[in-house]
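Good morning, and thank you for coming. Please take a moment to look at the sequence and the structure before I begin.

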Amino acid sequence: DGCGHTVLGPESGSLASINYPRTSPNSTVCEWEIRVRPGQRVQLKFGDFDIDDADSCHSSYLRVHNGIGPNRTEIGKYCGFGFQMDGLITSKSNEITVQFMSGIHTSGRGFLAAYSTTDKSDLITCLDNASHFSEPEFNKYCPAGCVIPFADISGTIPHGYRDSSSLCMAGVHAGVVSNTLGGQINVVISKGIPYYEGSLANNVTSKVGSLSTSLFTFKTSGCYGTLGMESGVIPDSHITSSSILEWPNQTGQVNIWKPENARLKRIGPPWAAFISDEHQWLQIDLNKEKKITGIITTGSTLAEHYYYVSAYRILYSDDAQKWTVYREPGMGKDKIFQGNTELYQEVRNNFIPPIIARFIRINPLKWHQKIAMKVELLGCQFSIGRSPKITLPPPPPQNKNDEKNADFMDDFIHSVKTSLQTDKTTFTPEIKNTTVTPSVTKDVALAAVLVPVLVMVFTALILILVCAWHWRNRKKKTEGTYDLPYWDRAGWWKGMKQFFPTKSAEHEETPVRYSSSEISHLRPREVPTMLQTESAEYAQPLVGGIVGTLHQRSTFKPEEGKEASYADLDPYNSPIQEVYHAYAEPLPVTGPEYATPIVMDMSSHSSTPLGAPSISTFKAAGNQAPPLAGACNKLLSRTDSASSAQALYDIPKGQLGPGSADQLVYQVPQSVAHPTVSKEE
């Protein structure tokens, strides 16, 4: 009479002392005989251990044995308050016995433990929650039997569960693992939310929860979508039932609660059976085989008609002729699903393993007042593949001790075959045509690799050609009609000009000359100042000295079809035939950017009045008269043609002697007529 919560599954399970987590009663005893598949071993893990050790484990203790029956051997004997069991207790065979003895005591909760086969190295107990683990994502194995009355959870899918919730119990609620089988869970930790909803699913009630620092969810296959009842994908003609409720209302109008009304969240009355008994059913045709992972149900959703189904069975078929009742693997009886507890709440139940079928029947077993419900199926498309090959262990020897093993294996194999039903599946032509042969699959994979590579190569070639064309056009635009190529501009010319031979005499620039009589009147320090002249980067017209002509460095371009000439044969003109170039050429590197003006200081000349200013070759601002009184200008015109405008150059006044100061008066060519003074002045 000392046995508490107990679920013994084929590969895992949970067990606890009576009255756990409260103090266990005095003088009680319980033994659990655990047997797994032959060839496997059993491992035992304690989630909580609190047994009175006042008499040194004499009357209150927990004892673990290898094997079952009189030939068993003891592994260990344990007691103590808050005893921490390090590691796992492992058997030497596929059988183990756990014995609990409770003597006279005043306190002690007893124990809670979980077991599994030794290949489940990440086994946890039903008491573990997310706060016990620091990893943001982890995998654990939940034992069977974790739907326990002394644990609770808060939250639901897909929003997540509060971090204080039992991991395995939340896994059952979410439909990730089965309470009768256990299974692997993949947990993801994330930031908590202010409010956690409550719901009923898989016979587990989730409570409303408050704010928490973190929450957890489960990674799943994602096959939990709706299959078309609510959306209308399933037509009305594919929803049938055993009977239909028809009744007249107070006005005499007949109300018909047809099977097509059994669509979840559809406003209006539900489907209801005319007779409420265990032989009624609601049938749904999915048009082709689907992978069905769950079902959601509600009651009538009409406050004046408080009808709902509280328990039901599920049957499935491929041809609507031969039906199979859903069972969990290893279980020898039909699975009874918990339905609704009131008419509004949505209750979800999951199929683990999922059902592969075209037709689904819901067979109500318990109801409130009348059979009435709305439903939605969960699942996804069924991808056709080869049926899994079931490897069976060799038959155990037939003796009395192994009769239970034989019965267990028969039930387990029968349930697996029933859940798969791959040998009885009939494929429609539409599905067969979508099957891809292995050779086509290889070609598709090869094309999926080659096509992107070829696209990238051709794109790169096109980009290279476009860039080359753009660079070529840009190069042409930079070379104007009157410009040199980029490799023949001033910078390159200046660097290479020093390697060229000296120009011939006829192309040399004639220097500015002054007579010896002019220079003799100047002081030695003034000669460099008067003769100072530096060529610019581009030559300007000469404005002083005997030669006033344009040379090959001129920046002036003559008009087309006309030749340069001098209209006035003045004795001061240079007899040298000048050569004019259409375009300016760069000057030597040594020249400054702009020409330096020729300045002559006449203050020391003998014939110059006292205080006469220095004479500049540049034109004074405005139309002022020449600063030297008595100077006479004679215009020397140079025209491009007989009718062209005249360019004005001043010449020395008269044919005076060498010592005359008038010889030294020169002015810049004027673009407008310059005021003249009579020679007699």
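Is Thr-240 buried, partly exposed or exposed? Please bear in mind that we are looking at a predicted model. The computed relative accessibility of Thr-240 is 31%, so this residue counts as partly exposed. The reasoning rests on two cut-offs: a residue is called buried under 20% and exposed over 50%, with partly exposed in between.

Where does this residue sit? Thr-240 belongs to strand β18, which covers residues 239-241. If we set aside the neighbours within four places in sequence, the contacts of Thr-240 are Pro-259, Trp-281, Leu-282 and Gln-283. One further distance may help you to find your way: from the C-alpha atom of Thr-240 to that of Trp-271 the separation is 9.9 Å, and these two residues are 31 positions apart along the chain.

I turn now to the salt bridges. How many salt bridges are counted in this model? The count is 16, where a side-chain nitrogen of Lys or Arg must lie within 4 Å of a carboxyl oxygen of Asp or Glu.

Let us begin with Arg-109 and Asp-48, whose closest N and O atoms are 2.9 Å apart. This salt bridge links distant parts of the chain, for its two residues are 61 residues apart. Arg-109 is found in the loop between β8 (95-102) and β9 (110-117), whereas Asp-48 is in strand β4, residues 42-50. With a relative accessible area of 32%, Arg-109 is partly exposed. Asp-48, by contrast, has a value of 15% and is therefore buried.

A second example is the pair Asp-119 and Lys-120, where the side chains form a salt bridge with an N to O distance of 3.2 Å. Which of these residues is buried, and which is partly exposed? Lys-120 is buried, because its relative accessibility is 12%. Asp-119 has a relative accessible area of 49% and so counts as partly exposed.

The third example joins Asp-334 to Arg-327, and here the closest N and O atoms are 2.9 Å apart. Asp-334 is partly exposed at 24%, and Arg-327 is likewise partly exposed, at 27%. Salt bridges can also share partners: in this way Glu-11, Arg-37, Asp-119 and Lys-120 are joined into one network.

To close, I invite you to return to the structure and locate Asp-119 and Lys-120 within that network of four named residues, together with Glu-11 and Arg-37. Thank you for your attention.

Terms used: Residues numbered from 1 in each chain as written. Predicted model: local features only at pLDDT ≥ 70, side-chain atom pairs only at ≥ 80, totals over all residues. Heavy atoms only, no water. Helix = DSSP H or I, 4+ residues; strand = E, 2+ residues; numbered from the N terminus. Buried < 20%, exposed > 50% of the residue type's maximum accessible area, 1.4 Å probe, protein only. Contact = heavy atoms within 4.5 Å.
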